[in-house]
Amino acid sequence: MKIGFVDPYAIFVDAMNNPQKYGLEEISKGCCGTGTIEYGDSCKGMDTCKDPSKYVFWDAVHPTEKMYKIIADNAVAAANKNLFMK
């Protein structure tokens, strides 16, 4: 049996410390509303940013689609390296 490990927190920290590496620009607030307190349903009907792909967070707590893709891409790369390439 082989076991793979992915640390999404470490990926978030790297993205927050090196946003340009991932094509991100806004790391301190979310895309919807003020980006500081709204989350989930509280974002309904509020304005959103023009380009969510530049943000780490969609709302105050949830990652954007781009951030989820960054995490998924890292997970696939780790699985390929650690589970299938040895």
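## Exercises on a buried aspartate, two disulfides and a core

Not counting residues up to four places away in sequence, aspartate 59 touches Gly30, Cys31, Cys32, Glu38, Tyr39, Gly40 and Cys43, where contact means heavy atoms within 4.5 Å. The model is predicted, so local features need pLDDT of at least 70 and side-chain atom pairs count only at pLDDT 80 or more, while totals for chains, interfaces and linings use all residues. Residues are numbered from 1 along each chain as its sequence is written, and side-chain values use heavy atoms, with hydrogens and water left out.

**Exercise 1. Describe the setting of aspartate 59 and state which side chain of opposite charge is nearest.**

Step 1: Locate the residue, which lies in the loop between strand 2 and helix 2 (65–84); helices (H or I, at least four residues) and strands (E, at least two) are DSSP runs numbered from the N terminus.

Step 2: Consider burial and charge together. Aspartate 59 is buried yet has no salt bridge, and lysine 44, the nearest side chain of opposite charge, is 12 Å away. Buried means under 20% relative accessible area, exposed over 50%, and partly exposed in between (1.4 Å probe, protein chains only). A salt bridge is a side-chain nitrogen of Lys or Arg within 4 Å of a carboxyl oxygen of Asp or Glu, and for charge Lys and Arg count as positive, Asp and Glu as negative, with His and the chain ends not counted.

Step 3: Look at backbone partners. A polar atom of the aspartate 59 side chain lies 2.9 Å from the backbone nitrogen of glycine 40, and a polar atom of that side chain lies 2.6 Å from the backbone nitrogen of histidine 62.

**Exercise 2. Identify which cysteines are joined, and explain what each link ties together.**

Step 1: Apply the rule that a disulfide is a pair of cysteine sulfur atoms within 2.5 Å; the count by this rule is 2 disulfides.

Step 2: Take the pair cysteine 31 and cysteine 49, joined with an S to S distance of 1.8 Å. This link is left-handed, with -95° about the S-S bond. Both cysteines lie in the loop between strand 1 (26–30) and strand 2 (55–57), so the pair ties together parts that are 18 residues apart in sequence. Cysteine 31 counts as buried at 3% relative accessibility, and cysteine 49 is buried with a relative accessible area of 14%.

Step 3: Turn to cysteine 32 and cysteine 43, whose sulfur atoms are 1.8 Å apart in a disulfide. Cysteine 32 and cysteine 43, 11 residues apart, each sit in the loop between strand 1 and strand 2, and both are buried.

Step 4: Counting bonded cysteines along the chain, the pattern is 1-4, 2-3.

**Exercise 3. Determine which residues make up the largest nonpolar core, and place phenylalanine 12 within it.**

Step 1: Use the rule that a nonpolar core is a set of buried Ala, Val, Leu, Ile, Met, Phe, Trp, Tyr and Cys residues joined through side-chain atoms within 4.5 Å. The largest one has 10 residues: Ile11, Phe12, Ala15, Tyr22, Leu24, Val56, Phe57, Met67, Ile70 and Ile71. Helix 1 (8–17), strand 2 and helix 2 each supply at least two residues of this core.

Step 2: Examine phenylalanine 12, which is found in helix 1 and counts as buried at 17% relative accessibility. Leaving out residues up to four places away in sequence, phenylalanine 12 touches Val56, Phe57, Pro63, Met67 and Ile71.

Step 3: Under the same sequence exclusion, isoleucine 70 touches Ile11, Tyr22 and Leu24.

**Exercise 4. State how many salt bridges the structure holds, and describe each pair.**

Step 1: The structure holds 3 salt bridges.

Step 2: Lysine 21 and aspartate 14 meet through their side chains at 2.8 Å, N to O, and lysine 21 is exposed, with a relative accessible area of 59%.

Step 3: Aspartate 41 and lysine 44 meet at 3.7 Å, N to O, and both of these residues are exposed.

Step 4: Lysine 69 pairs with aspartate 73, the closest N and O atoms being 2.9 Å apart. Being 4 residues apart in helix 2, lysine 69 and aspartate 73 are separated by about one helical turn, and aspartate 73 counts as partly exposed at 40% relative accessibility.

Conventions: A polar contact is a pair of N or O atoms within 3.5 Å; within protein, one must be able to donate a hydrogen and the other to accept it, and residues adjacent in sequence count only if both atoms are side-chain atoms.
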